[in-house]
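This briefing introduces a structure to a reader who has not seen it before. Please look over the sequence and the model first, then read the points below.

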Amino acid sequence: MPHTIKNIFYKKLTFNNLLSAHYRAKKQKNTKPEVIRFEMNLENNISNLLRKLQNNTYHIGNYRTFYVLEPKLRKIQALPYVDRIVHQWYVEEFIKPYIVPKFIKDTCACITGRGCHKAADIIEHYMQICKRNWGDYWILKCDIKKYFYSINPEILFKIMCKYIKDKKLLDFTKHLIYDNRDSIDGIPIGNYTSQFFANIYLNELDQFIKHKLKVKYYVRYMDDFVLLVKNKETCKLLKQNIEAFLHDNLKLELNQKSRYYSAEQGLNFCGYRIWPTHRLLRTRSKRKIKAKVRKWNKIWRENNLDFSIAMPSIQSWIGHACHANTYLIKQKILNNAEFLYNENKEYPCYDDFDLTYNDTIRCAKWNEESNTLSFS
């Protein structure tokens, strides 16, 4: 693996690579009008995009801004479809093969084969080691205050310069970082490149913690990170060093929720409450799925339930719950989900909705004696 990226921009800029980026960008969006319009003249649209990138005439389109309420209020900025193709191409051809392999093994966000479940697995394993070696130990859990909005584009570009020596690619990277937004503070949450830029930005912190502070048991998932150490005094010192590094080098701050405490309390991380011996779902997760099931049941009784929304949602929750000790809560949720089965206690066929069952739902069987679902 080369230390820096050199003389590669035009080698990667091909019709086939842009076409592959289009196929990745359109996943789960085949019915979107802008995707349909783009595919109606696919070959010409890809050729025009290729020519613009080659001739230095490509310009980022205008953002569409909207807000989401879950898990909290966030401003999302979305680019036109053609720009999302460019982002897919940039990440797949340059970021993933050349920069992501330089990350530490214990950072888990937006990396193939790693995710929130992998992060939870790693930290639970580390907690078991610490419990065995130290008995009582301490947890330092931190996250960054308004992370995406606080990323400094100038610092981000300087970091990218360490990895990229190809002048054309560096100019293009600068174009992507600064783009045509009204504000130059932060990076847009809705961009595909943003999650990778954000990971690269905090890789500086990863390297500092692992190689300067010499912390062995450390895991990061985007802007949430956890350190396991032997005692309270070490936690206090590490927190001070981390705050100083973030302020001086990355212009970031820890939020007020960052704290250290005894490991007996367990760890709230990546959607789970984690101990060395077991893992539970967050109370908020259980509360939300119960509310959704009640709502879906009511709509189903009125014959207005959209299964294309309800089924993937409950499947997603069950997939998340399967990574914790949740046998009873899964059984309770499925028992209460009236819309999952018909009057004969048999699962209806949802082929009309082009849906597939989650393994947990498929293996659930109706128990006539107890009048409940059970799992094989």
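**The open sheet**

In this predicted model, 4 strands form an open sheet in the order β4-β5-β3-β6, and their pairing is antiparallel. At its edges are β4 (218-221) and β6 (259-262), each of which pairs on one side only. Neighbouring strands of the sheet are turned against each other by 15° on average, direction ignored.

Pairing and packing of the sheet

- Strands of a sheet pair through backbone hydrogen bonds, in either a parallel or an antiparallel way.
- Strand β5 (residues 224-229) runs antiparallel to β4, and 4 bridges join the two.
- Opposite Y218 stands L227, a residue of β5.
- Helix α11 (residues 232-250) lies across β3 (138-143), β5 and β6, and it runs at about 20° to β3.

A nonpolar patch on the surface

- Y67, L69 and L73 make a nonpolar surface patch of about 390 Å².
- L73 sits in the loop between β1 (64-68) and β2 (74-78).
- L73 counts as exposed because its relative accessible area is 59%, and the cut-off for exposed is over 50%.

The chain as a whole

- The secondary structure of the chain comes to 15 helices and 11 strands.
- Of the 376 residues in the chain, 48% are buried.
- The accessible surface of the chain is about 20,300 Å², and carbon and sulfur atoms account for 49% of that surface.
- Among contacts between residues at least 6 apart in sequence, 70% join residues at least 24 apart.

Note on methods. Residues are numbered from 1 along each chain as its sequence is written. This is a predicted model: local features need pLDDT of at least 70, side-chain atom pairs count only at pLDDT 80 or more; totals for chains, interfaces and linings use all residues. Side-chain values use heavy atoms; hydrogens and water are left out. Patches are made of residues with over 30% relative accessible area and no salt bridge: like charges are joined within 9 Å, nonpolar side chains (Val, Leu, Ile, Met, Phe, Trp, Tyr) within 5 Å. Accessible areas come from the Shrake-Rupley method with a 1.4 Å probe; for residues, only the protein chains shown count as cover. A salt bridge is a side-chain nitrogen of Lys or Arg within 4 Å of a carboxyl oxygen of Asp or Glu. Buried means under 20% relative accessible area, exposed over 50%, partly exposed in between (1.4 Å probe, protein chains only). Two strands pair if DSSP finds at least two bridges between them. Axes are lines fitted to C-alpha atoms, for helices over the stretch in contact, and angles run from 0 to 180 degrees between N-to-C directions. Contact means heavy atoms within 4.5 Å.
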